[in-house]
Amino acid sequence: MHGRLREPVKPALLHLDDALMQQGGLSARAARDGLSLDCRDLGPALRLWSRPGPLEMLEGRIREGFPLDRRPLVTFLGSGDFHHVTPMLVRRACDAAGTGAVTVIHFDNHPDWVRFGAGLHCGSWVGEIARDQRVARVFTVGVCSDDISERGRRSADADLIREGLVEMFAYRAPADREGLELFGRIWPTLTDLGLAAFALRLAESIPTRAIYVTIDKDVLAPEDAATNWDQGELSLYALKTLLGAVITGRTLIGADITGDWSPARYGGQGLDAWMKRAEAVMDQPWSRPGDGALRHNQAVNLHLLDWLSELAT
């Protein structure tokens, strides 16, 4: 697969931190047949959450640096602290594809569904894209964090579930209950059904032919990723199985992959940097992964790029 001159998808590196700068193999793929955009000057203001100004600046740069192309982009974003960039990439993909309604398939250990009124947070972006008129629905897949527990869901934008804008296909329910109940609705989980039946149920539920895939690698078990967040239990094999189920027979209009660990640099207006550091101390692990784990991040990125390219063929 590495020998092909032109893949069905185009790799794109969006540098917001230094995570991808250390990945020479991935950079070579982008240099050969893809795109690269260095926006690290905006990274500290964007990291974890951002006011509208830096978000608008980044979206303008993406429009210029990633020209519209019928070939879908697979964009790498670095740390999961930048997952709130995904709505920009979905909008760009919809413009490039010229399709009607699209379904966003969101793999993550966290639902990213909280309310955040001061801009956009890496834990709040799902609400923004779910309410985009071109998005039929968001399917969040693989969550097993405490965010879906009774206590954790208190900060959720419950209307996303009640209005049918977001579907939740969790890895498992809190306290190992059978089925996941959220705001009056119940979904089966992967541990309830097993991988094959879960993949089939997920695929059969998608309402559109066009899909966009966003992967936060903290959905993966620690042996398959090194991230800035607490991690889930999904194996790389299971993720590939689920990707195969949702993409086969459909049109992939774009994808992004985030979740690579990087040392945090926080910035923004006034007290923003201090507030972000305080939030990170409360919510994120303190441990730094070893060098071997960082090399493994690149290997998984390349593997997922190849797999998405194969599925999009």
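**Entry 1: L234**

I began with L234, which is buried at a relative accessible area of 0%; buried means under 20% relative accessible area, exposed over 50% and partly exposed in between, with a 1.4 Å probe and protein chains only. The model is predicted, so I note that local features need pLDDT of at least 70 and side-chain atom pairs count only at pLDDT 80 or more, while totals for chains, interfaces and linings use all residues. Residues are numbered from 1 along each chain as its sequence is written, and side-chain values use heavy atoms, with hydrogens and water left out.

I placed L234 in the loop between β11 (210-216) and α9. Helices (H or I, at least four residues) and strands (E, at least two) are DSSP runs, numbered from the N terminus. Which residues does L234 contact, leaving aside its neighbours within four places in sequence? I found Y171, L190, V219, L220, A221, L239 and L242, where contact means heavy atoms within 4.5 Å. I also looked up the separation of L234 and L190: they are 44 residues apart in sequence and 9.5 Å apart in space, C-alpha to C-alpha.

**Entry 2: Helix α9**

I turned next to α9, the helix that follows this loop. Helix α9 has 12 residues and reaches 16 Å from its first C-alpha to its last, close to the 16 Å expected at 1.5 Å a residue; the expected span is 1.5 Å times one less than the number of residues. Of its 12 residues 9 are buried, so α9 is largely enclosed by the rest of the structure. I listed the buried ones as L236, A238, L239, K240, L242, L243, G244, V246 and I247. Just after α9, G249 takes a positive phi of about 85°.

**Entry 3: α8 against α9**

Two packed helices are described by the angle between their axes and the distance between the axes. For helix α8 (residues 195-205) and helix α9 (residues 236-247), I read axes that come within 9 Å and cross at roughly 35°. Axes are lines fitted to C-alpha atoms, for helices over the stretch in contact, and angles run from 0 to 180 degrees between N-to-C directions. The crossing of α8 and α9 is right-handed; a crossing is right-handed if the near helix is turned clockwise from the far one by less than a right angle, and left-handed if anticlockwise.

From α8, I noted L195, F198, A199, L202 and A203, which meet Y237, A238, T241, L242, A245 and V246 in α9. The residues of this contact divide into 10 nonpolar, 1 polar and no charged. Ala, Val, Leu, Ile, Met, Phe, Trp, Tyr, Cys and Pro count as nonpolar, Asp, Glu, Lys and Arg as charged, and the others, Gly among them, as polar.

**Entry 4: The nonpolar cores**

I then asked which residues have the most contacts inside the largest nonpolar core. That core has 90 residues, and the answer is L14, L58, V85, F107, V213 and L243. Helix α9 gives the most to this core, with 7 residues. A nonpolar core is a set of buried Ala, Val, Leu, Ile, Met, Phe, Trp, Tyr and Cys residues joined through side-chain atoms within 4.5 Å. Leaving aside neighbours within four places in sequence, L243 is in contact with F107, V213, I215, L304, W307, L308 and L311. Apart from the largest core lies another, of 7 residues, among them W49, W229, A273 and A280.

**Entry 5: Helix α3 and its partner α4**

The 14 residues of helix α3 (residues 52-65) should span 20 Å at 1.5 Å a residue, and the end C-alpha atoms are 20 Å apart, which agrees. Its buried residues are P54, L55, L58, E59, G60 and I62. I traced these against β1 (10-15), β2 (35-38), α2 (43-46), β3 (49-50), α4 (86-97) and β6 (120-121), on which they pack.

The axes of α3 and α4 come within 10 Å and cross at roughly 35°; this crossing is right-handed. The contact is made by L55, L58, E59 and I62 of α3 and M88, L89, R91 and R92 of α4. I recorded 5 nonpolar, no polar and 3 charged residues in it.

**Entry 6: Two positive phi angles**

L48, in the loop between α2 and β3, has a positive phi of about 75° although it is not a glycine. L48 counts as buried at 0% relative accessibility. F183, in the loop between β9 and β10 (185-187), has a positive phi of about 50° and is likewise not a glycine. Buried or partly exposed: which applies to F183? At 21% relative accessibility, F183 counts as partly exposed.
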